[in-house]
Amino acid sequence: MASASAEPVSIYTDAQLASDDVSKKDLVTFLQENGSEKFLRENKVFGKVASITKGSKKDHLAAVYKKLFETKAFKGTGDDADVEDVTAKAAAVTVDDTPAAPVEAAAPVKPRYTKQTTKKGSTTKINKGDLVGCNYTGMLVDGTVFDTNLATSKRKKKDKTGPLKFRVGQGKVIRGWDEALLTMTVGEKARLTIEPEWAYGKKGLDGKIPPNSTLIFEVEIVSSE
C-alpha cells in the first residue's frame, strides 16, 4: 500500500488553464502524477498520456484538474487504497489446478447366468439384432418342464410348434436369454442356468414358474438372419 505524502498544490490558475500556456499534455501529466487511480478512471484520464491527450478536449481536462483539488482524490489516498485492496484480494485468489481425481468406471455387471455348451456350433456368431430361430426346453431346478417347443410324450410330433424366432438383445425374451445367446453361434446347443434376476424375478410367471426361481434352459440355435 502506498505511504501517505503531502497533498499536491495547484500550479495553474484559472487564467492559465484557459490560455495556451498550459497544454493538454501538461494537464494529463499532472493529473496522472497526482490523481488516484480511481479518480483517473472515473474521469476518463487513466491510460497512456499520449492517448489521453489526443482523445480529450482542453475544457474537459481543465475541469478534471479543478475537480481533483475539490475532491482531494490524490494519489495515495483512500481511493488508491480501495483499488490496491481489490488488487491484493484478486492476487490472493488461488486457482486449484490439482488434476481432478479420475472418475471410477462403473463396475461391470455380474452375469446372472451360467452356460454349459453341450454341442459346438459353426463359426457364425450371434449379434445384437439378429433374428434367430431356437429350439428350447425350460425347466425348474427340480427338473419340472414348464415350456418347450419340442415334441414330448404329452405333445404329439405333429403338434410341434417349430423354432422360436425373435431378435436378440431387444427385450423380446428374458434377459438371461438375450445375454447368453450373444455368446453362442449358429448350431450350438447349450444348457443355461439363469438366476431369478435375469429370469422372471419376484413375480414368477402364470403359476408355472414360482417367484424367485432359478431356471434351466436347454437351447439350440438353429438359424440366424
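A charge counts as sitting over a ring if NZ of Lys or CZ of Arg is within 6 Å of the ring centre and within 35 degrees of the ring normal. Keep that handy for the first exercise. One caveat before we start: this is a predicted model.

**Exercise 1. A charge over a ring**

Find what sits over the ring of phenylalanine 46, and give the distance from the ring centre.

*Solution.* Look at arginine 41: its charged end sits over the ring of phenylalanine 46. The distance from the ring centre is 4.0 Å, and the cut-off to hold that against is 6 Å.

**Exercise 2. Getting the layout**

Work out how many helices and strands the chain has, and in which order they run.

*Solution.* Step one: the chain holds seven helices and six strands. Step two: starting at the N terminus, the order reads α-α-α-α-α-α-β-β-β-β-α-β-β. Step three, for some context: 33% of the 225 residues are buried. Among contacts with a separation of 6 or more, 68% are between residues 24 or more positions apart.

**Exercise 3. Classify two aromatic pairs**

Sort the pairs phenylalanine 30 with tyrosine 65 and tyrosine 136 with tryptophan 177 by geometry, then place them in the chain.

*Solution.* A pair of aromatic rings is described by the distance of the centres and the angle of the planes. The whole structure gives eleven aromatic pairs; we take two.

- Phenylalanine 30 and tyrosine 65: the centres are 5.2 Å apart and the planes are at 55°, so this pair is tilted. Phenylalanine 30 belongs to helix α2 (residues 24-34) and tyrosine 65 to helix α5 (residues 58-71), so the pair links distant parts of the chain, 35 residues apart. Both residues are buried.
- Tyrosine 136 and tryptophan 177: with 5.6 Å centre to centre and 80° between the planes, this one is edge-to-face. Since tyrosine 136 is in strand β2 (residues 131-140) and tryptophan 177 in helix α7 (residues 175-181), the pair ties together parts 41 residues apart in sequence. Tyrosine 136, at 10% relative accessibility, counts as buried, and so does tryptophan 177 at 4%.

**Exercise 4. Around helix α2**

List the buried residues of α2 and say what they pack against.

*Solution.* First the list: Leu27, Val28, Phe30, Leu31, Gln32 and Asn34. These buried residues pack against α1 (14-18), α3 (37-42), α4 (49-55) and α5. Phe30 also joins an aromatic cluster with Tyr12, Tyr65, Phe69 and Phe74.

**Exercise 5. The largest pocket**

Describe the largest pocket by its volume and its lining.

*Solution.* The volume comes out at about 240 Å³. Of its 13 lining residues, Tyr136, Phe146, Asp147, Tyr200 and Phe217 are the closest to the centre. By type, the lining has nine nonpolar, no polar and four charged residues.

**Exercise 6. Three loop residues**

Say where lysine 44, lysine 72 and threonine 214 lie, and how accessible each one is.

*Solution.* Take them in turn.

1. Lysine 44 is in the loop between α3 and α4. With a relative accessible area of 68%, lysine 44 is exposed. Its phi is positive, about 60°, although it is not a glycine.
2. Lysine 72 is in the loop between α5 and α6 (78-92). At 46%, lysine 72 is partly exposed. Phi is positive here too, near 55°.
3. Threonine 214 is in the loop between β5 (189-194) and β6 (215-224), and at 27% it is partly exposed. Beyond its neighbours within four places in sequence, threonine 214 contacts residues including Leu140, Val141 and Pro196. Proline 196 is 18 residues away in sequence, yet 5.2 Å away C-alpha to C-alpha.

Notes
Residues are numbered from 1 along each chain as its sequence is written. This is a predicted model: local features need pLDDT of at least 70, side-chain atom pairs count only at pLDDT 80 or more; totals for chains, interfaces and linings use all residues. Side-chain values use heavy atoms; hydrogens and water are left out. On a 1 Å grid over the protein atoms alone, a cavity is a set of points where a 1.4 Å probe fits but cannot get out, and a pocket is an open set with protein on both sides within 12 Å along at least five of seven lines; lining residues have an atom within 4 Å of a point. Grid points are joined across faces, edges and corners, and a volume is the space filled by probe spheres set on the points. Ala, Val, Leu, Ile, Met, Phe, Trp, Tyr, Cys and Pro count as nonpolar, Asp, Glu, Lys and Arg as charged, and the others, Gly among them, as polar. Rings of Phe, Tyr and Trp (its six-membered ring) pair if their centres lie within 6.5 Å; planes under 30 degrees apart count as stacked, over 60 as edge-to-face and the rest as tilted. Helices (H or I, at least four residues) and strands (E, at least two) are DSSP runs, numbered from the N terminus. Buried means under 20% relative accessible area, exposed over 50%, partly exposed in between (1.4 Å probe, protein chains only). Contact means heavy atoms within 4.5 Å.
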